[in-house]
Number of protein chains: 2
Amino acid sequence: MSTAETISSLGENESLKRTIARLNISEHAVVGPGDDAAVINSPDGRFVVTTDTMIEGHDFRLDWSTGYDLGWKAVASNVSDVAAMGAVPTALVVAVAAPGHTEISWLEAFADGLRDACNILAPGCGVVGGDLAASEQIMISVAAHGSLEGREPVLRSGAQVGDIVAVAGTLGRSAAGLALLLSENRDAISAYDALVDTHRRPNPPIRAGIDAAIAGATSMLDLSDGLARDAARIAKASEVTIQIDPRHLQGFEAVLEEAARAIDVSEAEWVIGGGEDHSLLATFSPDAVLPRAFKPIGVVLPAGQAPVLLGLQALPEKGWDSVKS
Amino acid sequence: MSTAETISSLGENESLKRTIARLNISEHAVVGPGDDAAVINSPDGRFVVTTDTMIEGHDFRLDWSTGYDLGWKAVASNVSDVAAMGAVPTALVVAVAAPGHTEISWLEAFADGLRDACNILAPGCGVVGGDLAASEQIMISVAAHGSLEGREPVLRSGAQVGDIVAVAGTLGRSAAGLALLLSENRDAISAYDALVDTHRRPNPPIRAGIDAAIAGATSMLDLSDGLARDAARIAKASEVTIQIDPRHLQGFEAVLEEAARAIDVSEAEWVIGGGEDHSLLATFSPDAVLPRAFKPIGVVLPAGQAPVLLGLQALPEKGWDSVKS
């Protein structure tokens, strides 16, 4: 493939031009890509912003994920943080660094993944700016923005004793997909390809975040590092203990049971410790009407000796640390 | 130094905690670092956003720039894009990827550079969120935000025939500093350390961007890739020709003449082709009162055979391409 067009043979301007041509434009952009900066509407006089980065070899492998998958995942992991504030995702800026020999077709597929994830997960949201740099390994850094539409942001610190703890979205599916890929068990990978697909292209329940804010959620976060670790974050920020009822995790475990058996691991570990489903964990006052996407999994107790209990047992904070050795 | 604390020995949470503790908080933040996302005020119902990335080995060298320098430069290169829209910088999100063996003292110095650059270049602006990832080479990606305070954004496309072309800030100083470093001529590097300092820690005229917008600038951009290349961007976007008067560049050249002679190169090349001063290039109607920071360097002509003329000669588009081989 020595004749394939690469990022370095085309240069930054032409590579960006081809990429931008494949993107959708944010409905919220007053000025889109192409100037020093973009200008985005924020009608209630505030905007939400978050950033997340993915690094080749640490957060993804090119033999497991296509350019399209990575574009999708970059959007999903960022807009889920916006939704976890109760905001509507409006605009993204995307920085990509890649080796000069990277084929332009990879970058184009990445752009297609960005576009489709915006259209499907967060309609109206689009890429409004970006940057392309040369590097030895692929690095993808996104900043995502959202509009609170006049609502107060839903923080991690608002959980109240007596609240219901609830989850929107799946638990452990991405971890199951990753474990299947790591097992290199081709039969299992192909039998449970839906789980592998969740790892490659997570499907966070963006609308549920907005619905939770409207329903009066007292706290909320994006489950990026696993239920145990992320529940502890709400517990510490709110100075409470979160008690999860193990019976309410059975439904999440049941759908993973077969795949877990195929590669001889425990589905319960995936559900409790697995990150990157980008589901939402929220608390609601006991008299709130939960949005349909949310399933109750526990209750908020006064702060005890552990931030998180599974039944009556303290739950160790397991989960993903992006830099810990 | 095997006992030095590193990013991987501390882990992401502790490393981020130490870093965030050194930062100033944005005056515009309703919700700062620590939740899924930050919430920033944007009183006129719009915000400006831009992103820029720096990669070790491509955009900087660790033997030439300290962590402090890189924090400073990451702020400078981004807030100058905000200022080039005529906006006041309000908030930054910063993604850093670094090898696990990176000492925490490097990251702390980086945070100090972020803080000081915000305080000095863009008072009131601060870091409101970030991300720390593991990688083989250091990557720094910033998204910067700004407030237009009710003004219209100053685009690249608004230059009118008859307008005055003007520059705020220096030309060629960063390129001179880089050339000195590349020369490895220790005497010259130490004799002209102020130029090397401009390369390491650029000093963009942020306030001048806002003053230009107030004075009615018809177009503006941040000079990140050099006068020739960036003037061509305004010319093409505005469908005009920009004619630069070489006599008006003499002052910019004169201050670089000695350094150029010391390493036997041409100061005129630095002034015309050198990037990363992050000065501002703008056009103003002939009856506008130019803000004090701006020096006239040319005029806007009807579109001719070249986007940019130096005197009567077409100026080739030289400059920096971040990925071209």
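Q: In this predicted model, copies are superposed by least squares on the C-alpha atoms of residues with pLDDT of at least 70 in both. Which residue of chain A comes closest to the rotation axis?
A: The C-alpha of Gly45(A) lies 2.3 Å from the rotation axis, and no other residue of chain A comes closer.

Q: What makes the relation between chain A and chain B that of a two-fold axis?
A: Chain A is superposed on chain B by a rotation of 180°, with a shift of 0.0 Å along the axis and an RMSD of 0.0 Å. This is therefore the relation of a two-fold axis.

Q: Why is it said that the copies meet through the same surface?
A: Of the interface residues of chain A, 100% are also interface residues in chain B, so the same surface serves both copies. Chain A gives 62 residues to the contact and chain B gives 62 residues. On the side of chain A that touches chain B, strand 3 (residues 46–55) supplies the largest share, with nine residues. That side consists of 29 nonpolar, 20 polar and 13 charged residues.

Q: How do you know that strand 3 of chain A pairs with strand 2 of chain B?
A: Pairing requires at least two bridges between the strands. Four bridges join strand 3 of chain A to strand 2 (residues 38–41) of chain B, so the condition is met. The two strands run antiparallel, and Val48(A) stands opposite Val39(B).

Q: Why is chain A called as compact as a globular protein of its length?
A: The secondary structure of chain A comprises eleven helices and 13 strands. The radius of gyration of chain A is 20 Å, close to the 20 Å that the globule rule gives for 325 residues, so the description applies. Along the principal axes, the C-alpha atoms of chain A fill a box of roughly 60 × 50 × 35 Å.

Q: What share of chain A is buried, and what makes a residue count as buried?
A: A residue is buried if 20 or more other C-beta atoms lie within 10 Å of its own. Buried residues make up 60% of the 325 residues in chain A.

Q: Which residues have the most contacts inside the largest nonpolar core?
A: They are Leu92(A), Leu280(A), Leu92(B) and Leu280(B), in a core of 222 residues. Since membership of a nonpolar core requires burial, these four leucines are buried. Beyond its neighbours within four places in sequence, Leu92(B) is in contact with residues including Val75(B), Cys125(B), Val142(B) and Ala144(B).

How values were computed:
Residues numbered from 1 in each chain as written. Chains lettered and ligands numbered in written order. Predicted model: local features only at pLDDT ≥ 70, side-chain atom pairs only at ≥ 80, totals over all residues. Contact = placed C-beta atoms within 7 Å. Nonpolar A, V, L, I, M, F, W, Y, C, P; charged D, E, K, R; others polar. Rg over C-alpha atoms; globule rule 2.2 N^0.38 Å. Buried ≥ 20, exposed ≤ 12 C-beta atoms within 10 Å, placed from the backbone. Core = buried A, V, L, I, M, F, W, Y, C linked by C-beta atoms within 7 Å.
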